[in-house]
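Colleague: Please take a close look at a single part of this predicted model, namely the salt bridges and their surroundings. A connected account would be welcome.

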Amino acid sequence: MKHIALALALSLSAAPAVAQETEEGFDLMEEGAKLLLRGLMTEMEPALKELEDFAEEVGPAMKLLADEMGPALAELMNQIDDIRNYDPPEILPNGDIIIRRRAEAPEFEPGAEIEL
């Protein structure tokens, strides 16, 4: 009985030390994760800077393209119903481009809503 009481007392007195070790383990893991993320950010910084520079260079051209092509695309979308109802474009030897409607496509109704 004395041995059991002694073992119980020792195990209870060691419990705070085990909890402290566990907490320190979590602190060490957290610190390791922070160091890993800092290292990754340092490695990624040049690539992110290049991407930012590229976006600054291409941004105005993309805006111009959207400004000029946007209305033309909107007009095209008003003339067709659902792009899935058409075959891929065919380029003829003279440079003309033909986009044929698929045989199984429903009949075209101008102004009909596109169902996605």
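Modeller: Arg 100 has a relative accessibility of 41% and therefore counts as partly exposed, since that value falls between the limits of 20% and 50%. The side chain of Arg 100 forms a salt bridge with Glu 90, and the closest N and O atoms of this pair are 2.6 Å apart. The two residues are 10 apart and link distant parts of the chain, with Glu 90 in strand S1 and Arg 100 in the segment after S2. Glu 90 is likewise partly exposed, at 38% relative accessibility. Side chains of opposite charge can pair when their charged atoms come close.

A further pair involves the segment after S2. Asp 87 forms a salt bridge with Arg 102, where the closest N and O atoms lie 3.7 Å apart. Asp 87 belongs to the loop between H1 and S1, whereas Arg 102 lies in the segment after strand S2 (97-98), so this salt bridge ties together parts that are 15 residues apart in sequence. Both partners are partly exposed: the relative accessible area of Asp 87 is 30%, and Arg 102 has a relative accessibility of 31%.

Arg 102 also leads to Asn 85. Leaving aside residues up to four places away in sequence, Asn 85 touches Arg 101, Arg 102, Ala 105 and Pro 106. Asn 85 sits in the loop between helix H1 (2-79) and strand S1 (90-91). Why does Asn 85 count as buried? Its relative accessibility is 13%, and the limit for a buried residue is under 20%, so Asn 85 meets the criterion. In the protein as a whole, 5% of the 116 residues count as buried.

Asp 82 is also buried, because its relative accessibility of 14% is under 20%. The side chain of Asp 82 meets that of Arg 84 in a salt bridge, with a distance of 2.8 Å from N to O. The pairs described here are among the 6 salt bridges counted in the model.

The wider setting can be stated briefly. The protein contains 1 helix and 2 strands, and from the N terminus on its elements follow the order α-β-β. Among contacts with a separation of 6 or more, 24% are between residues 24 or more positions apart. The accessible surface comes to about 10500 Å², and carbon and sulfur atoms account for 65% of that area.

Helix H1 offers a contrasting topic, a nonpolar surface patch. Met 41, Met 44, Leu 48, Leu 51 and Phe 54 make this patch, which covers about 520 Å². Met 41 is located in helix H1, and at 53% relative accessibility Met 41 counts as exposed.

Confidence should be kept in view throughout. The mean pLDDT of the protein is 77, and 72% of the residues reach 70 or more. Confidence is highest in S1, with a mean of 96, and lowest in H1, with a mean of 75. Where pLDDT is low, the predicted coordinates should not be read in detail.

Conventions
Residues are numbered from 1 along each chain as its sequence is written. This is a predicted model: local features need pLDDT of at least 70, side-chain atom pairs count only at pLDDT 80 or more; totals for chains, interfaces and linings use all residues. Side-chain values use heavy atoms; hydrogens and water are left out. Helices (H or I, at least four residues) and strands (E, at least two) are DSSP runs, numbered from the N terminus. Buried means under 20% relative accessible area, exposed over 50%, partly exposed in between (1.4 Å probe, protein chains only). Contact means heavy atoms within 4.5 Å. pLDDT is the predictor's confidence in each residue, from 0 to 100. Accessible areas come from the Shrake-Rupley method with a 1.4 Å probe; for residues, only the protein chains shown count as cover. A salt bridge is a side-chain nitrogen of Lys or Arg within 4 Å of a carboxyl oxygen of Asp or Glu. Patches are made of residues with over 30% relative accessible area and no salt bridge: like charges are joined within 9 Å, nonpolar side chains (Val, Leu, Ile, Met, Phe, Trp, Tyr) within 5 Å.
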